[in-house]
Amino acid sequence: MTAPIAAEVEDATARLYLAIGRLARLLRRTGSPGLGPGAVSALATLARCGPMRLGDLATKEGVAPPTLSRIVAALVEAGYVKREPDPQDGRAWLATPTPEGETMVSGVRSARVRELQRRIEQLTPDHQSALVNALDALETLVGEESK
């Protein structure tokens, strides 16, 4: 990579980091009544991936197991998650979203998606196309398959 291109990538990296952080904060404030972002994220992961052990969920969420343990305990207390014995290991347990948890995630997801769509619709057609064209790269960046 040449020096000017490397400098552009470095600048773009910093700008992307800041923009994603700001967008995430904006969207977190939309549609998450009573739940913090960590709880919403853990619940969404359980709803998407199904029952899982605390350690596996902590790894997927990128947080320490004690932190996730507190999050899951709060979700259990709120009725959004239930604990079930792990059929493969009687000493372990699985966190599973309840129907109320599934509904909560669906509501949060739709409120946040609607807010994001509202913001995207305010962009110029060229900017909208640029976002659509960047999706494959962004999904690859975060390790998701292209949709």
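1. Burial first: 27% of the 147 residues count as buried. Keep in mind that this is a predicted model, so every value here is computed from predicted coordinates.

2. On overall shape, the C-alpha trace spans about 60 × 35 × 25 Å along its principal axes. The radius of gyration is 18 Å, against a value near 15 Å for a compact globule of 147 residues. As for how the chain folds back on itself, take the contacts between residues at least 6 apart in sequence: 45% of them join residues at least 24 apart.

3. The secondary structure is six helices plus three strands. Reading from the N terminus, the order is α-α-β-α-α-β-β-α-α.

4. Now the core. The largest nonpolar one has 21 residues, and the members with the most contacts inside it are L35, L43, L57, L68, V72, L75 and V81. Helices α2, α3, α4 and α5 (99-121) each put in at least two residues. The largest share comes from α2, with six.

5. I'd look at α3 (residues 54-61) next. Its buried residues are L54, L57, A58 and E61. Viewed down the helix axis they fall within an arc of 100 degrees, so they line one face of α3. Worth a glance: E61 is on that buried list, alongside L57, one of the core residues with the most contacts. The face turned away from the buried side carries T59 and K60, both exposed.

6. What does the buried side of α3 pack against? Two helices and two strands come up: α2 (37-49) and α4 (65-78), together with β1 (52-53) and β3 (89-97). Just after α3 comes G62, with a positive phi near 75 degrees.

7. V72 deserves its own point. Leaving out residues up to four places away in sequence, V72 touches L54, L57, V81, W93 and A95. Two of those partners, L54 and L57, are buried residues of α3, and V72 itself is listed with L57 and V81 among the core residues with the most contacts.

8. Finally, the rings. Searching the whole structure turns up zero aromatic pairs. W93 does have a charged partner, though: the charged end of R83 sits over its ring, 3.7 Å from the centre. W93 is also one of the residues that V72 touches, so if you open the model in a viewer, W93 is a handy place to see both contacts.

How values were computed: Residues are numbered from 1 along each chain as its sequence is written. This is a predicted model: local features need pLDDT of at least 70, side-chain atom pairs count only at pLDDT 80 or more; totals for chains, interfaces and linings use all residues. Side-chain values use heavy atoms; hydrogens and water are left out. Buried means under 20% relative accessible area, exposed over 50%, partly exposed in between (1.4 Å probe, protein chains only). Helices (H or I, at least four residues) and strands (E, at least two) are DSSP runs, numbered from the N terminus. The arc is that of the directions from the helix axis to the C-beta atoms. Contact means heavy atoms within 4.5 Å. Rings of Phe, Tyr and Trp (its six-membered ring) pair if their centres lie within 6.5 Å; planes under 30 degrees apart count as stacked, over 60 as edge-to-face and the rest as tilted. A charge sits over a ring if NZ of Lys or CZ of Arg is within 6 Å of the ring centre and within 35 degrees of the ring normal. A nonpolar core is a set of buried Ala, Val, Leu, Ile, Met, Phe, Trp, Tyr and Cys residues joined through side-chain atoms within 4.5 Å. The radius of gyration is taken over C-alpha atoms; the globule rule is 2.2 Å times the number of residues to the power 0.38.
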